[in-house]
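Student: I should like a close look at a single part of this model.

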Amino acid sequence: MEIYYDPHDLPRFEEIGNDAPLLGKKFFEYYNAVFAEGALTEREKSLIALAVAHAVQCPYCIDAYTQACLEKGSNVNEMTEAVHVATAIRGGASLIHGLQMRKIAGRLSF
Amino acid sequence: MARSPENPAEGSVDVASGVVPFSRFLYEKGLQLTRKQTTTLQVNVGLLCNQACRHCHLDAGPGRREMMKGETVEEVAAYARRGGFETVDITGGAPELNPHLATLIEKLSPAGSRVMLRSNLTALNDGKRDFLMEFCRAERVVIVASFPSLDLSQTESQRGEGTFGESITALRRLNALGYGQEGSGLEIDLVSNPTGAFLPPSQAEAEKRFRRELERRWGIAFNHLYTFSNVPLGRFRAWLKCSGNFRTYMERLAAQFNPCAFEGLMCRSLVSVSWDGYLYDCDFNLAERLPMDGVKIHVSEMTGPPGPGTPIAVSDHCYACTAGTGFT
């Protein structure tokens, strides 16, 4: 294997169900239901997915949801703000754990 | 020329575009593209435009000189009367830049057709043709306006600097004249197309969002919003190629083929006349110089609309009209 991430694998996503068809079917049914319009629009859900894709650092998802956001009518300003939301949560999650560090350090220190 | 679906040599994938020829694609699916009743006459009055949009399939722009002459305007108006078309759809370029536009509209009115004017809004409101908005109102012309995005930077990357604000100003003027207002009978529709190598959003969802945002931000009302794919011809095709997007865009269009959209394609019910008076199955075939029935027929030679069952000339750009919700 020359590279771990191959863009040509993205359209082959459904092949992941080949040796586990029932689980694959259940996953894709759920996945498609999640992204259908509900209380949130498809456009809003794609922006959330784009932010999450950055939080979980999935290049396939970033590729897919950048395209999906554009195709749902979003613009790069909105998409960049969504990425900042992910960044704020990721950064905030690290920082809030800093309180643990401070408590432990306080317990261990004079 | 239209490609023959019977030639098996044409079945292979085009390496450059990554897709099988459209004619072969239809053949393999057992589909035929033929006319139903032709109810719309589309008239391209020229390629001169005050904008040079990056998606333009006709390469229209300020440097173009192709323009429908007065004599052809007369011939087209006569054809419209002979043909009994329900709708006449005037396009360009920027149709407003053709000095014979008002004459054409006046001559079409007695034919009883619904007249649509495809406007980029900036040519309609550039201060050089102040009479035109009032004139359109008086003639009950339906305005079909380019408005690709609610976002300034997306719009201006496609259509040029300053176009967003000018479009908003023009829409507000049209609203003030009664366009888009309930009960006025004056219709203004918006056309949104992607600002790059991706497909358009769902028409219903985009219309809801445009209606809400245009009203909230600028107090603008409109009747309908149409979302269309960009067609890989002209300036857009050149950009797709030089940006390295051509192959993936063509593959994406082909992958999104929608049999329902295929049934309702506009070319089934429309005939398009070029600025020099020749007939095409659509404006995209006009861009490719792919004439109706494979032969150049002048509008003056036509006794009426092309008959139902007439084959429609196709090429690979037809993938754009059959993708997703299609071009109807």
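How many bridges join strand β1 of chain B to strand β7 of chain B, and do the two run parallel or antiparallel?

Tutor: This is a predicted model, in which local features need pLDDT of at least 70 and side-chain atom pairs count only at pLDDT 80 or more, whereas totals for chains, interfaces and linings use all residues. Residues are numbered from 1 along each chain as its sequence is written, chains are lettered from A and ligands numbered from 1 in the order written, and side-chain values use heavy atoms, without hydrogens or water.

Strands β1 (residues 40–44) and β7 (residues 270–273) of chain B run parallel and are joined by four bridges; strands are DSSP runs of E, at least two residues long, and a pair requires at least two bridges. Within this pair, Leu41(B) stands opposite Val271(B). The open sheet of chain B has eight strands in the order β6-β5-β4-β3-β2-β1-β7-β8, with mixed pairing. Because β6 (224–227) and β8 (279–280) of chain B each have a single partner strand, one side of each is left without a neighbour in the sheet.

Leu41(B) also belongs to the largest nonpolar core, of 65 residues (buried Ala, Val, Leu, Ile, Met, Phe, Trp, Tyr and Cys joined through side-chain atoms within 4.5 Å; buried means under 20% relative accessible area with a 1.4 Å probe, protein chains only). Leu41(B), Ile90(B), Ile143(B), Phe147(B) and Leu214(B) touch the most other members.

At residue 44 of β1, the side chain of Asn44(B) makes a polar contact of 3.2 Å with that of Asp283(B) (N or O atoms within 3.5 Å, one able to donate a hydrogen and the other to accept it).

Methods:
Buried means under 20% relative accessible area, exposed over 50%, partly exposed in between (1.4 Å probe, protein chains only).
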